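Here are some short exercises to work through with the model open beside you. Try each task before reading its solution.

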Amino acid sequence: MKLLSFAVPCYNSAAYMEKCVESLLKGGEDVEIIIVDDGSRDETAQIADRYALAYPSIIRVIHQENRGVSPARNAGIESATGQLVTFIDSDDWVAPEHIEILVRGIESCDCSICGYWVEEQKSAIERKAEKNEEFSADAAIERLLAPCGILGSVWNKMFRLSTIRGAKIQFREDVTYMEDMLFCASYFNLCKTLFCINQATYHYRQHAASTVGSLSVSMEWLQRRMTAFEALKGVRTVCHSTAAVRLCGAREQTECMEILLRLLKAGSMRDESKRLICRMRFGMWKVLRSPLPVKIKLKYSFVALWPKLYCGLRKWSGIKGGT
């Protein structure tokens, strides 16, 4: 049995795969790399197969029809044989010490979490905890829901495979937004303690096409984006502390705000925008009585009460600032 399984979902990742896989191979013989080709249309499958032939004791490839990242990750979990499992997106890469620090962090805990670098085209931004810290499951779920707390993504975390399989935790395949947060919350709920490491060893590639401002608005986009509420509904079921319950309710409302602002910026779907405004105003108390920072509460109140004025001021300040 291997110590660690890497689940690597891939879709049209030919331009980035070599850097990703090469960074994982530095983990040595006690690591297995499970590449799940999710119906790629470029050279991804061929690159993956070449690596599997070159490293048959380390790399395995699963080919499946294009179904999305959650089914691909679930296939990786099902195929994994390691004691521990972690995830990496195929356009990202890890530092040489990534495996070592995560394994060391999980030795006496149930989950370890590291910092990361946001890799933009011309710069990199480091995001990490201020100190090494161990905390409880309830505290972890609260931090997962809080702004500037624990990142909701799975790729900077290490999990015990026996816990995942014992509780039959999977990525929900009908949820396409915040599915990572739901997976993390479901797992955290089964932990006694978690360990956060103040080292950034994961490199997350930020594509220009993935930024919020560049997203096109369509009914399909809106339906996918609205699955965040299903994810948060699932998170709520594992919230035990009062703070976590209030944060979850507040996050539902701030998600309404982010979707509304995107629709207003695009100038489309007026009926949907009106419904979101009503929902924001009706649920304003959830935000105001939550532990969210005052700055977020003020922004939410402004958007809920005067959404067009808020967008107008943002546009004017952007023009004045030369952006």
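Buried means under 20% relative accessible area, exposed means over 50%, and partly exposed lies in between (1.4 Å probe, protein chains only). The model is predicted, so local features need pLDDT of at least 70 and side-chain atom pairs count only at pLDDT 80 or more, while totals for chains, interfaces and linings use all residues. Residues are numbered from 1 along each chain as its sequence is written, and side-chain values use heavy atoms, with hydrogens and water left out.

**Exercise 1. Place Glu255 in its surroundings: is Glu255 buried or exposed, and which residues is Glu255 in contact with beyond four places in sequence?**

Step 1. Find Glu255 in helix H10; helices (H or I, at least four residues) and strands (E, at least two) are DSSP runs, numbered from the N terminus.
Step 2. Glu255 has a relative accessible area of 6%, so Glu255 is buried.
Step 3. Contact means heavy atoms within 4.5 Å. Setting aside neighbours within four places in sequence, Glu255 is in contact with Tyr177, Met178, Arg225, Ala228, Phe229 and Leu232.

**Exercise 2. Describe two loop residues, Ser153 and Pro291, in the same way.**

Step 1. Ser153 sits in the loop between H5 and E9. Its relative accessibility is 17%, so Ser153 counts as buried.
Step 2. Not counting residues up to four places away in sequence, Ser153 touches Asp180 and Cys184.
Step 3. Pro291 belongs to the loop between helix H12 (284-288) and helix H13 (294-305). With a relative accessible area of 47%, Pro291 is partly exposed.
Step 4. Apart from neighbours within four places in sequence, Pro291 is in contact with Ala243, Arg246 and Leu247.

**Exercise 3. Classify the aromatic pairs Phe87 and Phe159, then Trp155 and Tyr204.**

Step 1. Rings of Phe, Tyr and Trp (its six-membered ring) pair if their centres lie within 6.5 Å; planes under 30 degrees apart count as stacked, over 60 as edge-to-face and the rest as tilted. The structure holds twelve aromatic pairs.
Step 2. For Phe87 and Phe159, the values are 6.1 Å centre to centre and 65° between the planes, an edge-to-face pair. This pair links strand E4 (residues 84-87) with strand E9 (residues 157-160), its two residues being 72 residues apart. Both Phe87 and Phe159 are buried.
Step 3. Trp155 and Tyr204 have ring centres 5.1 Å apart and planes at 10°, so this pair is stacked. Trp155 lies in the loop between helix H5 (137-145) and E9, and Tyr204 in strand E10 (residues 193-205), so the pair ties together parts that are 49 residues apart in sequence.
Step 4. Trp155 counts as buried at 4% relative accessibility, whereas Tyr204 is partly exposed at 22%.
Step 5. Now look around the Phe pair: Phe87, Phe159, Phe171, Phe183 and Tyr187 form one aromatic cluster.

**Exercise 4. Where in the chain does pLDDT stay under 50?**

Step 1. pLDDT is the predictor's confidence in each residue, from 0 to 100.
Step 2. The chain has a mean pLDDT of 93, and 95% of its residues reach 70 or more.
Step 3. Over residues 210-214, pLDDT stays under 50, and the model has seven contacts beyond four places in sequence for them.
Step 4. Where pLDDT is low, the predicted coordinates should not be read in detail.
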